[in-house]
Amino acid sequence: MSRQSTPKRLATRLVKGGTHTAVVGGRAVNPPVVRASTVLFDTMDDMNDARRRRGTERMFTYGARGNPTGFALEDVVAELEGGYRTRLFPTGLAAISMVFLAYVRPGDHVLISDCVYQPLRHFVETFLKPWGVHVTYFRADGSDAAEHMTARTKMIYVETPGSLVYEMCDIPALADLAHRHGALLVADNTWGSGVQCRPLMLGADVSVMAATKYLSGHSDVMMGTATTTQEVWQRLSTMADAQGVAVSPDDAYLVLRGTRTLGARLQMHERHALDVAHWLGSLPDVARVFCPALPTHPGHALWQRDCVGTNGLISFEFADATTAQADRFVDALELFGIGASWGGFESLATVSNVAGTRTCEDWTSAGPIVRLHIGLEDPQDLIEDMAAALEQVFGR
């Protein structure tokens with residue numbers, strides 16, 4: 001009897017049995033969830049070849065370097081963004097941080113839009129500056145960016161539309177400015193989701209997103225993505241490998257599932273948000289409604305040129321109210337959750353401290369600003385809920 005056919009004992013059969021998953025027939029609609037740390041090869045030659053190639057090619061060689069479920073999501077995001085390749089990160093902030101680690105070194109100078117996601121400012125203060133990177137914030141509309149360029153500027157980082165009140169900046173113009181000085185343009189495209197806006201198609205070199213938001217769409221997973229052009233891909237890929245960055249295949253599956261309905265969900269978010277925005281704009285209690293799709297928004301012309309839609313995010317400024325009254329308004333809402341995130345199916349409300357997140361413009365004289373994420377509920381129910389909250393707080 002050959003060695004291969006010798007009957008195996010129980011413990012060995014339990015370890016070796018059922019590990020071959022090849023089946024005859026059709027295939028599942030979705031890629032399977034591949035949970036793996038160890039990856040097996042048929043021969044040492046196969047293993048050595050994969051290890052030689054994995055620095056520049058996407059290879060399934062070890063769990064910390066990605067898995068087939070994550071690779072499928074990377075392909076979807078790269079397609080959405082119009083980029084060369086995508087890398088996945090545990091959070092949106094982790095994706096942002098890795099971009100700086102990949103492309104900036106001590107002594108370099110970076111320009112950052114004044115309207116960026118607040119945790120990025122924390123990263124600047126706690127890591128970039130102590131690491132020796134020089135940082136200058138420029139106006140959210142990009143109008144003074146050229147004034148701050150230096151010979152050491154290696155990156156312009158923008159978020160457009162900006163956080164909280166959705167300022168627009170001219171991505172093609174900033175890309176041209178960056179490239180003329182040998183710098184990169186990086187854009188936070190979480191608002192755009194690779195659908196409403198595609199910064200790489202407008203000249204950016206890197207686009208980052210919090211897949212936690214609309215790509216997932218169900219408020220149950222954390223993830224970030226970074227997509228680049230082919231020219232700048234390798235530095236990001238190499239640094240992410242060096243840091244051992246990986247995401248759970250289960251999380252990748254959840255986000256991948258969310259992308260299948262992304263287009264349909266965004267259409268509903270847009271319709272519902274615009275219904276609410278127009279209603280808010282008719283109220284004497286409201287001084288301003290912030291949404292780039294509204295003709296009254298300062299960046300509306302840029303939005304028309306560079307974007308193909310809007311989403312569920314709107315903010316509004318009370319005309320005559322205290323912060324305490326704005327807080328009570330949010331507390332009085334019944335259909336809105338109170339939460340800091342957005343992009344899920346549910347509506348959310350929170351009072352935003354815009355003045356505390358801007359250094360280039362003075363927002364201290366503005367009234368209280370409430371940020372809304374308009375979800376998939378019936379917009380008339382949401383309007384009635386807000387009208388009742390206004391009546392409760394202001395008596396009108």
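This is a short tour of a predicted model, with a selection to make at each stop.

**Stop 1: the two domains**

Select residues 10-258 and give them one colour; this is domain 1. Give a second colour to 261-394, which is domain 2. Their centres, taken over C-alpha atoms, are 29 Å apart. Now show the residues in contact across the boundary. Domain 1 brings 36 residues to the contact, and domain 2 brings 41.

**Stop 2: the buried face**

How much area do domain 1 and domain 2 bury between them? The figure is about 3200 Å², with 59% of it on carbon and sulfur atoms. Select L164, Y166 and Y214. These three supply 25% of the area that domain 1 buries against domain 2. No other three residues supply more.

**Stop 3: polar links across the interface**

Stay at the boundary. Three salt bridges run between domain 1 and domain 2. Next, pick R139 and E361. They form a salt bridge, and their closest N and O atoms lie 3.6 Å apart. In polar contact across the interface of the two domains are 21 residue pairs, both residues being at pLDDT 80 or more.

Which helices and strands of domain 1 each supply at least two residues to the side that touches domain 2? Select these in turn:

- helix 5, residues 118-128
- strand 3, residues 134-138
- helix 6, residues 171-180
- helix 8, residues 249-259

Colour this side of domain 1 by residue class. It has 19 nonpolar residues, 10 polar and seven charged.

**Stop 4: the loop between strand 4 and helix 6**

Strand 4 covers 153-159. Go to the loop that follows and select P161, which sits between strand 4 and helix 6. The peptide bond from T160 to P161 is cis, with omega near -10°. Y166, from Stop 2, lies in the loop between strand 4 and helix 6 too. Check its backbone: phi of Y166 is near 65°, a positive value in a residue other than glycine. Most residues other than glycine have a negative phi, and most peptide bonds are trans.

**Stop 5: a salt bridge that spans the sequence**

The structure has 17 salt bridges by the rule used here. Select R35 and D250. Their side chains meet in one, at 2.6 Å from N to O. R35 is in the loop between helix 1 (10-16) and helix 2 (44-53), while D250 is in helix 8, so the pair ties together parts 215 residues apart in sequence.

**Stop 6: an aromatic pair**

Finish with the rings. There are 11 aromatic pairs in the structure. Show F318 and F329. Why does this pair count as edge-to-face? The ring centres of F318 and F329 are 5.6 Å apart and the planes stand at 85°, so the pair is edge-to-face. F318 lies in strand 9 (residues 313-318) and F329 in helix 11 (residues 323-332), so the pair ties together parts 11 residues apart in sequence.

Terms used. Residues are numbered from 1 along each chain as its sequence is written. This is a predicted model: local features need pLDDT of at least 70, side-chain atom pairs count only at pLDDT 80 or more; totals for chains, interfaces and linings use all residues. Side-chain values use heavy atoms; hydrogens and water are left out. Domain bounds come from an automatic or database domain assignment. Contact means heavy atoms within 4.5 Å. Buried area is the accessible area (1.4 Å probe) that two parts lose on being put together, summed over both. A salt bridge is a side-chain nitrogen of Lys or Arg within 4 Å of a carboxyl oxygen of Asp or Glu. A polar contact is a pair of N or O atoms within 3.5 Å; within protein, one must be able to donate a hydrogen and the other to accept it, and residues adjacent in sequence count only if both atoms are side-chain atoms. Helices (H or I, at least four residues) and strands (E, at least two) are DSSP runs, numbered from the N terminus. Ala, Val, Leu, Ile, Met, Phe, Trp, Tyr, Cys and Pro count as nonpolar, Asp, Glu, Lys and Arg as charged, and the others, Gly among them, as polar. Rings of Phe, Tyr and Trp (its six-membered ring) pair if their centres lie within 6.5 Å; planes under 30 degrees apart count as stacked, over 60 as edge-to-face and the rest as tilted.
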